[in-house]
Amino acid sequence: MTGSVLEVDLDLLAANLDRVRTAVAPAELMLVVKNDAYGHGLDPVVERAEREGVRWFGAFDVLTGARVRRLAGDGARIFVWIADTPAQVSAALASDLDIGVGDRRLLEDILARGGTGHPARVHLKIDTGLRRNGVRPEEWPDFVATAAAGERAGALVVEGIWSHIAEASDEEDDLARARFDDAVRVAEAAGLRPRLRHLAASAASFARPEFRYDLARVGAFCYGIRPAGGPDEEALGIRPIARWEASVLAVEGDVARIAVGARDGLFRTLASRVEVATPGGRRGLLAVHGSTSDVRAWPGAAAGDRVVIFGDAGKDEETATSLAESIGTIGEEVAVRVSPLVPRRYRGRR
Ligand SMILES: *Cc1c(COP(=O)(O)O)cnc(C)c1O
């Protein structure tokens, strides 16, 4: 075939899920599937994860959450943390989603529904310093008091308290964790009994046991995407589940033209900074055009040969994160940039 294809190995996903669950225990894994499961394809990822026994999914928005509900069935717990309008609140409740609530207006939208015999399951979000949304500490006592009143009135049940941290420096994260613990105490003093506290994503939940609490919201590591500048895949015990391959369209002198370019989501800035894996070994990526790119040719290069843009680090391959490191970004950015128009091919889809 000509063009490029993203091959996703769901058996590797299953192995990573095992590894992550062991690493974050006794906290439970919440598999984060935002951005079309980090570009890997929501449906196959959720179907396989459900079969592997994953019970919690982090869906980000209500539309994705509703889709995960259809894929994963009634037994799954599905967390969304963006619900902007009363209509979205209704849609979230219709799909039995758990809703992250990080501002007073959303809390009031939920209270306005009154419960109607089916209280909303909410997770209250404290801003522990990231300032991305979340209730500021000075507003928290009033916020949890309102939520507690709503719980007594049967409009909602506060299932969890949560926050998001930068995972950039231990000192900052420690400060965030202290604020988080304070917020939990204030909520309990207001009469709430949240069973689920969640704070950490991939990096902190692996490296720092005290950040695991009851749920670990993990995306990157489940897909085998290691942190830029951090420990490698072997140290983490994970493997990248995706391989992005492109075919050679033509060879002209010293240049092999391959069927993948900026329109497919390949960063133009990678040109002359990285190499790709070819049948003749690693070769420099010389230029990235709109729908093609130029690679330094290898002996015997011919139309139809396949090259690997990123893969699982074996056989001369770069990974999403190693590419990212060469242009100062993170592996997730490289993975989610692969255009939805690039066909996905799945291994291990049963
Ligand atoms: C994306 C996201 C995560 C997962 O982060 P990873 O580093 O990919 O594990 C967890 N929580 C929230 C709120 C997120 O937005």
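In which sense do E5 and E6 pair, and over how many bridges? In this predicted model, strands E5 and E6 run in the parallel sense and are paired over 3 bridges. The legends below take up that pairing and its surroundings.

**View 1. Strand E5 and its pairing with E4 and E6.** E5 pairs with E6 in the parallel sense over 3 bridges, and the residue of E6 that serves as bridge partner to Val-101 is Leu-124. Strand E4, which spans residues 77-82, also pairs with E5 in the parallel sense, here over 2 bridges, and Val-80 stands opposite Ile-99 of E5. Between E4 and E5 the chain passes through H5, and the resulting β-α-β crossover is right-handed. E5 is covered on both faces, with Asp-98 and Gly-100 buried on one side and Ile-99 and Val-101 buried on the other.

**View 2. Helix H6 and the elements it packs against.** In H6, which comprises residues 104-113, the buried residues are Leu-106, Leu-107, Asp-109 and Ile-110. These residues lie on the same side of H6, because the arc that they cover around the axis is only 155°. The buried residues of H6 pack against helices H5 (86-94) and H7 (140-152), and also against strands E5 (98-101), E6 (120-125) and E7 (156-162). At the start of H6, a side-chain oxygen of Asp-103 comes to within 3.1 Å of the backbone nitrogen of Arg-105, while just after the helix Gly-114 adopts a positive phi of about 80°.

**View 3. Thr-146 of helix H7.** Thr-146 belongs to helix H7. Although 35 residues separate Thr-146 from Leu-111 in sequence, their C-alpha atoms are 9.2 Å apart in space. When neighbours within four places in sequence are left aside, the contacts of Thr-146 are with Arg-104, Leu-107 and Leu-111.

**View 4. Leu-124 in the largest nonpolar core.** The largest nonpolar core holds 110 residues, and those that touch the most other members are Leu-31, Val-33, Phe-57, Leu-124 and Tyr-223. Helix H1 (residues 10-24) gives the most to this core, contributing 7 residues. Neighbours within four places in sequence aside, Leu-124 is in contact with a set of residues that includes Val-101, Trp-140, Phe-143, Val-144 and Ala-147, as well as Val-158, Ile-161, Trp-162 and Leu-192. Val-101 is also the residue of E5 whose bridge partner in E6 is Leu-124.

**View 5. Helix H4 and its packing partners.** Within helix H4 (residues 62-72), the buried residues are Val-62, Thr-64, Gly-65, Ala-66, Val-68, Arg-69 and Ala-72. They pack against helix H3 (42-51), strand E3 (56-61), E4 and H5. Just after H4, Gly-73 takes a positive phi of about 85°.

**View 6. The surroundings of Glu-7 in strand E1.** Glu-7 lies in strand E1, which covers residues 4-9. With a relative accessibility of 10%, Glu-7 counts as buried, because the cut-off for that class is under 20%. Its side chain makes a polar contact with the side chain of Arg-345, at 2.8 Å. Leaving aside neighbours within four places in sequence, Glu-7 is in contact with Ile-241, Ala-242, Arg-243, Glu-245, Arg-345 and Arg-347.

How values were computed: Residues are numbered from 1 along each chain as its sequence is written. This is a predicted model: local features need pLDDT of at least 70, side-chain atom pairs count only at pLDDT 80 or more; totals for chains, interfaces and linings use all residues. Side-chain values use heavy atoms; hydrogens and water are left out. Buried means under 20% relative accessible area, exposed over 50%, partly exposed in between (1.4 Å probe, protein chains only). Helices (H or I, at least four residues) and strands (E, at least two) are DSSP runs, numbered from the N terminus. The arc is that of the directions from the helix axis to the C-beta atoms. Contact means heavy atoms within 4.5 Å. A polar contact is a pair of N or O atoms within 3.5 Å; within protein, one must be able to donate a hydrogen and the other to accept it, and residues adjacent in sequence count only if both atoms are side-chain atoms. Two strands pair if DSSP finds at least two bridges between them. A crossover is right-handed if, with the strands pointing away from the viewer, the path from the first strand over the helix to the second runs clockwise. A nonpolar core is a set of buried Ala, Val, Leu, Ile, Met, Phe, Trp, Tyr and Cys residues joined through side-chain atoms within 4.5 Å.
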